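Biologist: I am new to this structure and would like a close look at a single part before anything else. Please choose one place to start, explain carefully what can be said about it, and then work outwards from there.

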Amino acid sequence: MSEIKACLFDLDGVLVDTARYHYIAWKELAESLGFDFTEQDNERLKGVSRAASLNILLEIGGIELDEEEKARLAEQKNSRYVEYIAKMDSSEILPGALDFLKECRAQGIKVALGSASKNAMTILDNTGLTPYFDAIIDGTHTSAAKPDPEVFLLGAQALDTAPAHCVVFEDAAAGILAASRAGMRSVGIGSPGTLGEATLVVPSLKQLSVSALQEFFASV
Ligand code: BG6
Ligand code: MG
């Protein structure tokens, strides 16, 4: 199959350990509204935009609110989340992620971010990851949320690379679906139970090298 010429990375849960901050901030909000929010519930929010996440959370709690009140709660959750990420540094880069980004650069593979987050730049800057990207597409550039392929198609376009030569790295089922709708192969970071639709699933980027990936994808 086609050679890999570009890697498109999701941010939260793939490169940095922010998925847990999202979870804690949503859980705090749910508890302030009087219901519990479990890690299993949280799987439904991964990769999903802030507004859509709030709708899912309110559905779980059986709560109906008007748009004004929803905007206030989304802002409340984001303020808590921003407090957490303001303290981040490079120690919160996930295992293997930095080496993988460096290897991409060394092998001439282009690199883009494809994240739903509007806080992506703060996280990339605080962890020192910004210089590793040739293009950054985040929640401030997109109008449709994953599983819509928009974020990855914009990334491929910014890198001037055809989707068939791109590989997406994702920890969310919605992101894996977005990759396949974009005509791209994908690597799921996490467990095959939730990411079974990915071309390949690994527990973390530590288990993977760019050369091993080229070899694997040469056969699929
Ligand atoms: C995604 C996360 O990367 O970004 C979601 O997986 C999150 O959990 C979404 O809701 C939007 O993030 P933010 O930072 O704009 O609220
Ligand atoms: Mg993610």
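**From one loop residue to the ligand**

Modeller: In this predicted model, Asp-160 is placed in the loop that runs between helix H7 and strand S4, the strand being made up of residues 166–170. What draws attention to Asp-160 is its backbone, since the phi angle is positive, at about 55°, although the residue is not a glycine. Asp-160 counts as exposed, because its relative accessible area of 68% is over the 50% that the term requires.

On the other side of H7, which spans residues 150–158, there is a loop that begins after strand S3 (135–137), and Pro-147 lies in that loop. Here, too, the backbone has a feature to look for, namely a cis peptide bond between Lys-146 and Pro-147, with omega at about 15°.

Other loops give further points of comparison. Ser-191 is found in the loop between strand S5 (185–189) and helix H9 (192–195), and with a relative accessible area of 37% it is partly exposed, because that value falls between the limits of 20% and 50%. Between the C-alpha atoms of Ser-191 and Leu-57 there are 23 Å, while along the chain these residues are 134 positions apart. Gln-107, which belongs to the loop between H5 and strand S2 (110–114), is also partly exposed, with a relative accessible area of 41%. Its C-alpha atom is 8.9 Å from that of Ser-211, a residue 104 positions away along the chain.

Two residues show the buried end of the scale. Leu-200 lies in strand S6, which covers residues 200–202, and it counts as buried because its relative accessibility of 18% is under 20%. Leu-200 and Glu-67 are 133 residues apart along the chain, and their C-alpha atoms are separated by 40 Å. Glu-92 sits in the loop between helix H4, residues 67–86, and helix H5, residues 97–106, and at 13% relative accessible area Glu-92 is buried as well. The side chain of Glu-92 makes a polar contact of 3.2 Å with the side chain of Arg-20.

The last stop is ligand 1, which sits in the largest pocket. There are 15 residues around ligand 1, and those that come nearest are Asp-12, Gly-47, Ser-117, Lys-118 and Asn-119. By kind, this shell is made up of 4 nonpolar, 7 polar and 4 charged residues.

Particular atoms can be picked out around the ligand. A polar atom in the side chain of Asp-12 is 2.7 Å from an oxygen atom of ligand 1, and for Asn-119 an N or O atom of the side chain is likewise 2.7 Å from a ligand oxygen atom. With Val-48 the backbone takes part instead, one of its N or O atoms lying 2.8 Å from an oxygen atom of ligand 1. On its own, ligand 1 has 390 Å² of accessible area, and the protein covers 97% of this.

Technical notes. Residues are numbered from 1 along each chain as its sequence is written. Chains are lettered from A and ligands numbered from 1 in the order in which they are written. This is a predicted model: local features need pLDDT of at least 70, side-chain atom pairs count only at pLDDT 80 or more; totals for chains, interfaces and linings use all residues. Side-chain values use heavy atoms; hydrogens and water are left out. A residue is near a molecule or strand if one of its heavy atoms lies within 4 Å of it. A polar contact is a pair of N or O atoms within 3.5 Å; within protein, one must be able to donate a hydrogen and the other to accept it, and residues adjacent in sequence count only if both atoms are side-chain atoms. Accessible areas come from the Shrake-Rupley method with a 1.4 Å probe; for residues, only the protein chains shown count as cover. On a 1 Å grid over the protein atoms alone, a cavity is a set of points where a 1.4 Å probe fits but cannot get out, and a pocket is an open set with protein on both sides within 12 Å along at least five of seven lines; lining residues have an atom within 4 Å of a point. A molecule sits in a cavity or pocket if more than half of its atoms lie within 2 Å of its grid points. Ala, Val, Leu, Ile, Met, Phe, Trp, Tyr, Cys and Pro count as nonpolar, Asp, Glu, Lys and Arg as charged, and the others, Gly among them, as polar. Helices (H or I, at least four residues) and strands (E, at least two) are DSSP runs, numbered from the N terminus. Buried means under 20% relative accessible area, exposed over 50%, partly exposed in between (1.4 Å probe, protein chains only).
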